[in-house]
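Let's take a walk through this model, from the overall outline down to single torsions. Keep the viewer open so you can follow along.

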Amino acid sequence: MRFCLFLFLSLFSFNAFAQVSGNKKAQSFFEKANQFIQKQDYASAEQALNNAVEADPLFQNAYVMLAGVYKTQKKYQNARTAYEKAILINKAVAPEVIYGLAETEFATQDYLKAKQHFNEFLMLDSSSDRVRRAKKYLLDCDFATIAIKKPVKYSPTNLGEGVNTTDAEYFPAITADGETLVFTRQVNGNEDFWTSQLKNNSWNTATPLSSKINTAKYNEGAQTISPDGKYLFFTGCNRPDGLGRCDIYVSHREGKDWGEPYNVGQPVNSEFWESQPAISPDGRTLYFISNRPGGYGGYDIWKSTITDDAKWGPAINLGPDINTAFDENTPFLHVDGKTLYFSSDGWPGFGNKDIYYSRQENDGKWHKPVNIGYPINSFEDESGLVVSADGNSGLFSSNLKGGYGLQDIYSFGIPEVAKPLKVSYVKGIVRDRDTKKTIESNVQVVDLKTNKTVFDDYTDPETGQFLAVMPVGSNYLFNVNAEGYMFYSENFELKPGDINKPYQIEVYIEKIKQGGNVTLRNIFFDTNKFNLLPASIHELDLLIDFLHQNEKVQIEIQGHTDNVGDDKLNEKLSFNRANAVYEYLIKNSIDAKRLTFKGFGSRKPMSDNKTEIGRKNNRRTSFVITKV
């Protein structure tokens, strides 16, 4: 529609020149070209217009229209030549012709000429819609002149016939372990979700995601999947339960299938257009695109965070650090929780939409977006990038030469400067210690530096599986609990040197019984001291919750040390540490009659004291159930 409007405006502006050719043959071809354009048959229009200018080499309007047809087909060099020939016939052309020439010069990387003609256009036109875009193109010229001289390594690889077909595949989404891919495929005009699994370093033949999500009546697309692969947020348009033309929906995986999707409702969705969701790794913040009032441009990136009462909070615009007076789209928040990738045609770039990345500080402020670089970005639209958990590769869709169909999904290496923060993850299964059967249980992961919960969800009810992401450079509490069971405590200290080292574990938990023993691996003290450190509070509160939920349970709190130092001092230290936990529980409404405490010093080691790791394991706080 924009192209047809451009052609109309071009012709309308040429009243000062011959709108028709004196050559009847040329005029006939010109009129046929108009008819082809209305049908969007640009190849036939191109041929007709070439016939027109061959019959009448001074037919200026035919050259202008031919340039527009070439642009539509992305034949930018041909379009530039057609504009130049039109201007050569008569230099007193309409401003939009100068603009069109400048745009094709930009597309063919002649930034000096493009800048010259954009400035010339601005001298001729100060009021049209193109003025704002021309001013932005001038910034692009300055940026691209420098950036194109510093190309980044770029070698896209087709994901193969397991994923790509003769139909269009796009909007890839991938789980944190890199093993499950969900994407949109359009077949006969209908968009549905398909999924593929990574086996032996190749993607197996994709299958439809679920009949509960895919429909024949509506299109499903523009999706994101949670890092553990259990929640799918997607865009649904023109549905009976919609609040606007397009809304955001969510579905939860239930065993091997997915649950019925539902509209996430207000305030995320509105009477306006909401699409392209991106969920944070902790599942609490949803980023999305909307054209609702209060933004900075046509389409902006907004966010909504779950409140304490488990409802989506108000929609908040990400502000001018991310959004521009133009359009932003396809946000993707990496599993590091800090690096945002998105597309925009408002920040300086290579023209049209480019891919950018921005890092969020701990105070919530976003850094100025950085263009991911050339040739990843070009004059064409680039969007829809997602980045693997290890930060090494990106997935996107394109119609590159040599593909299988209209659009294929590709991967490429992320430039070093554009990589996200390092992360690891813990992936495992929870089982009953006695029966070895899987258990549906709650898994919590807490960043002990910030005291923020980074994961809080239930294992798969059928498989007992879970996956939780943990950014490198912090210390994490890991807790598993289930009704009727003693809870499981672990600690993961991920130092900056720990690069993408995932933890694969099987967690065995015991039913509550007398004599049951739990090691509390997130109770911390300074060396040779017994004052509880602040990082201990979350684990202690979990113990309090356990005692509240199991009111008949009585426990003995036990302190232990390694064998370094004097035995009597170690026993006293362990006694005082157990007492510190005892005092904390009493202060927080646990009846003292349910509690005892004792210090064992180094008398009950659980590991060999000959190694530092063994000694660290022996320095611990635990509890034993004395009565149920």
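What follows goes from the whole chain to helix pairs, aromatic rings, one buried alanine and some backbone oddities.

Before anything else, keep in mind that you're looking at a predicted model. The protein chain has 628 residues, and 53% of them are buried. Its C-alpha atoms fill a box of roughly 110 × 45 × 45 Å along the principal axes. In terms of secondary structure, the tally is 11 helices and 33 strands. If you take the contacts in the chain with a separation of 6 or more, 57% of them are between residues 24 or more positions apart.

Now for the helices. Start with H4 (residues 60–72) and H5 (residues 76–89), whose axes are 8 Å apart and which pack at an angle of about 165 degrees. An angle over 145 degrees counts as roughly antiparallel, so that is the label for H4 and H5. The crossing of H4 past H5 is left-handed. If you want to see the contact itself, pick out Tyr-63, Val-64, Leu-66 and Ala-67, which are among the residues H4 contributes, and Tyr-76, Ala-79, Ala-82 and Tyr-83, which are among those from H5.

Further along the chain there's another pair, H9 (residues 537–549) and H10 (residues 567–587). Their axes come within 11 Å and cross at roughly 60 degrees, so H9 and H10 are oblique to each other. This crossing is right-handed. On the H9 side the contact is made by Ile-537, Leu-540, Asp-541, Leu-543, Ile-544 and Leu-547, while H10 brings Val-581, Tyr-584 and Leu-585.

Next, the rings. How many aromatic pairs does a search of the whole structure find? The count is 32. Take Phe-106 and Tyr-111 as one example: the ring centres are 5.2 Å apart and the planes sit at 70 degrees, so this pair is edge-to-face. Both Phe-106 and Tyr-111 are buried. Compare that with Tyr-341 and Tyr-357, where the centres are 6.3 Å apart and the planes are at 45 degrees, so the pair is tilted. Tyr-341 belongs to strand E17 (residues 339–344) and Tyr-357 to strand E18 (residues 354–359), so this pair ties together parts that are 16 residues apart in sequence. Tyr-341 is buried, at 1% relative accessible area, and Tyr-357 is buried too, at 9%.

Phe-106 and Tyr-111 also belong to one aromatic cluster, together with Tyr-76, Tyr-99, Phe-118, Phe-121, Tyr-137 and Phe-379. You've already met Tyr-76, since it is part of the H5 side of the contact with H4. Another cluster member, Tyr-99, has Arg-130 lying over its face, 5.7 Å from the ring centre. There's a second arginine to look at: the charged end of Arg-185 sits over the ring of Trp-194, 4.2 Å from its centre.

For a closer look at one residue, go to Ala-278 in strand E12 (residues 274–279). Ala-278 has 1% relative accessibility, so it counts as buried. Leaving aside residues up to four places away in sequence, Ala-278 touches Thr-224, Thr-285, Leu-286, Tyr-287, Pro-331, Phe-332 and Leu-333. Phe-143, by contrast, is 29 Å from Ala-278, C-alpha to C-alpha, and 135 residues from it in sequence.

Finally, the backbone. Most residues other than glycine have a negative phi, and most peptide bonds are trans. With that in mind, check the bond from Gln-266 to Pro-267, which is cis with omega near 5 degrees. Pro-267 lies in the loop between strand E11 (262–263) and E12. Another cis peptide bond joins Tyr-374 and Pro-375, with omega about 5 degrees, and Pro-375 is in the loop between strand E19 (370–371) and strand E20 (386–387).

Then there are the phi values. Thr-330 isn't a glycine, yet its phi is positive, about 40 degrees. Thr-330 is in strand E16 (residues 328–333) and is buried, with a relative accessible area of 7%. Ser-589 isn't a glycine either, and has a positive phi of about 75 degrees. Where does Ser-589 lie? Ser-589 is in the loop between H10 and strand E32 (595–599), and at 61% relative accessibility it counts as exposed.

Notes: Residues numbered from 1 in each chain as written. Predicted model: local features only at pLDDT ≥ 70, side-chain atom pairs only at ≥ 80, totals over all residues. Heavy atoms only, no water. Phe/Tyr/Trp six-rings, centres within 6.5 Å; stacked < 30°, edge-to-face > 60°. Buried < 20%, exposed > 50% of the residue type's maximum accessible area, 1.4 Å probe, protein only. Helix = DSSP H or I, 4+ residues; strand = E, 2+ residues; numbered from the N terminus. Lys NZ or Arg CZ within 6 Å of the ring centre and 35° of its normal. Axes fitted to C-alpha atoms, helices over the stretch in contact; angles between N-to-C directions. Parallel < 35°, antiparallel > 145°, perpendicular 65-115°, else oblique. Left-handed = near helix turned anticlockwise from the far one by under 90°. Contact = heavy atoms within 4.5 Å.
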